[in-house]
Amino acid sequence: EPQEWLDVLGNGLLKKKTLVPGQGVDSRPQKGQDVTIRLKATLEDGTVVEEDPALTFTLGDCDVLQALDLCVQLLEMGETALIVSEAKYCYGAQGRSPNIPPNASLTLEVELLAARDAPDLELLSGKEKIQLANRKRERGNFFYQQADYVLAINSYDIALRIVGSSSKVDFSPDEEAELLDVKVKCLNNLAASQLKLDHFKAALKSCNLVLEHQPGNIKALFRKGKVLAQQGEYREAIPILKAALKLEPSNKTIHAELSKLVKKHADQRNVETEMYRKMLGNPSAASTPRKCKDKLPWSIPWKWLFGATAIALGGVALSVVIAARN
């Protein structure tokens, strides 16, 4: 008998129907496992836009279209299913050049071929670890370009976890250097994503981690300057952006950001000067606030001094001071 459509999320935007039954509910894959599927994706007019006889990915890591990540965990081993998904869970408003237009719904024919536990990170060779981390990083870049910064952060975090995992295998100096390079790229991209979401504290932490490894990393310096500027810390941000510009004097983006900050900082200082002027009742608008050390001790009214002296001499009631102040 023909299977009914299953409304996967209950919103009608993602539906699944079994074409060929599988080996039972117990054979469904688990999140975190590496699954292999046969995939055929078509547009509404029947145009085939993607075919892969053996696509392998980690289930639940957002390695693939959300439609696949959400539905493959519902497939039984050997099952073939039809998945109809709105653009939201596929390539979104951007589409995918050249053959998937913006806001395109897709029909995915999927067969679950295999599921196995993901490899033990401790046992990966240097080359395998680099490849895996780069794959997750590139997935983060895809989400960043789609303006899906939450999923981008998720992918960069997974990549950093892979890079940072302990190892029972020795790596060559070249592999160590390459792993550090992947780490720095991930942290920089992580900072960019966090900045987009106004997660300033997290973005600052990511920038600082890059600068620990590479004090002259221009992207990290630029983003750290931007984070501080967003928080109104212009005095701290300006020297950081100046350092970045010194490393790359022809960079127009840093130039523009620095000019903007210098102006904002000047405006901020003018406001502060005006505020001090009003507080101190100084008639001269141009004057800057005097520092405390410029105030002469004998500018204190005599009657205050008299009251204080009386206390210092001891034995005088508190009312003397009060009287002296009135």
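# A tour from helix H8 to the salt bridges

Begin by selecting Tyr 276, which lies in helix H8, the run of residues 252-280. The model on screen is a predicted one. At 38% relative accessibility, Tyr 276 counts as partly exposed, because that value falls between the 20% and 50% limits. Add Met 275, Met 279 and Leu 280 to the selection, and together with Tyr 276 you have a nonpolar surface patch of about 440 Å².

Now zoom out to the whole chain. The protein has 10 helices and six strands, and 38% of its 326 residues are buried. Its accessible surface comes to about 19,300 Å², with 54% of that belonging to carbon and sulfur atoms. Among contacts with a separation of 6 or more, 61% are between residues 24 or more positions apart.

Next, select helix H2, residues 126-145. Its 20 residues should span 28 Å at 1.5 Å a residue, and the C-alpha atoms at its ends are 28 Å apart, so the expected and modelled spans agree. The buried residues of H2 include Ile 130, Leu 132, Lys 136, Arg 137, Phe 142 and Phe 143. To see what they pack against, display strand E4 (48-58), helix H3 (149-164) and helix H4 (173-196). Just past the helix, pick Ala 147, which follows H2 and has a positive phi, near 65°.

Stay with the aromatic residues of H2 for the following stop. The whole structure contains three aromatic pairs. One of them joins Tyr 91 and Phe 142 in an edge-to-face arrangement, with 6.2 Å from centre to centre and 90° between the planes. This pair links distant parts of the chain, since Tyr 91 is in the loop between strand E5 (80-85) and strand E6 (106-117) while Phe 142 is in helix H2, 51 residues apart. Both Tyr 91 and Phe 142 are buried. Add Phe 143 to the selection, and you have a cluster of Tyr 91, Phe 142 and Phe 143 linked by ring pairs.

Move along H2 to Lys 136. Is this lysine buried or exposed? Lys 136 has a relative accessible area of 3%, which is under the 20% limit, and therefore it counts as buried. Leaving aside residues up to four places away in sequence, Lys 136 touches Thr 58, Asp 61, Asp 63, Ser 155, Ile 158, Ala 159 and Ile 162. With one of these, Asp 61, Lys 136 forms a salt bridge whose closest N and O atoms are 3.0 Å apart. Here too the partners come from distant parts of the chain, Lys 136 from helix H2 and Asp 61 from the loop between E4 and helix H1 (66-72), 75 residues apart. Asp 61 is buried, as is Lys 136.

The structure holds 11 salt bridges, and two further ones make the final stops. Select Glu 50 and Arg 96, whose side chains meet at 2.9 Å, N to O. Glu 50 is in strand E4 and Arg 96 is in the loop between E5 and E6, 46 residues apart. Glu 50 counts as partly exposed at 24% relative accessibility, and Arg 96 is likewise partly exposed, with a relative accessible area of 24%.

Finish with Glu 109 and Arg 38, a salt bridge in which the closest N and O atoms are 3.3 Å apart. Glu 109 is in strand E6 and Arg 38 in strand E3 (residues 33-42), 71 residues apart. Glu 109 is partly exposed at 24%, and Arg 38 is partly exposed at 25%. Include Glu 111 in the view to complete a network of salt bridges that links Arg 38, Glu 109 and Glu 111.

Terms used:
Residues numbered from 1 in each chain as written. Predicted model: local features only at pLDDT ≥ 70, side-chain atom pairs only at ≥ 80, totals over all residues. Heavy atoms only, no water. Helix = DSSP H or I, 4+ residues; strand = E, 2+ residues; numbered from the N terminus. Buried < 20%, exposed > 50% of the residue type's maximum accessible area, 1.4 Å probe, protein only. Contact = heavy atoms within 4.5 Å. Areas by Shrake-Rupley, 256 points an atom, 1.4 Å probe, with all protein chains shown as cover. Expected span 1.5 Å × (residues − 1). Patch = residues over 30% accessible without salt bridge, like charges linked within 9 Å, V, L, I, M, F, W, Y side chains within 5 Å. Salt bridge = Lys/Arg side-chain N within 4 Å of Asp/Glu carboxyl O. Phe/Tyr/Trp six-rings, centres within 6.5 Å; stacked < 30°, edge-to-face > 60°.
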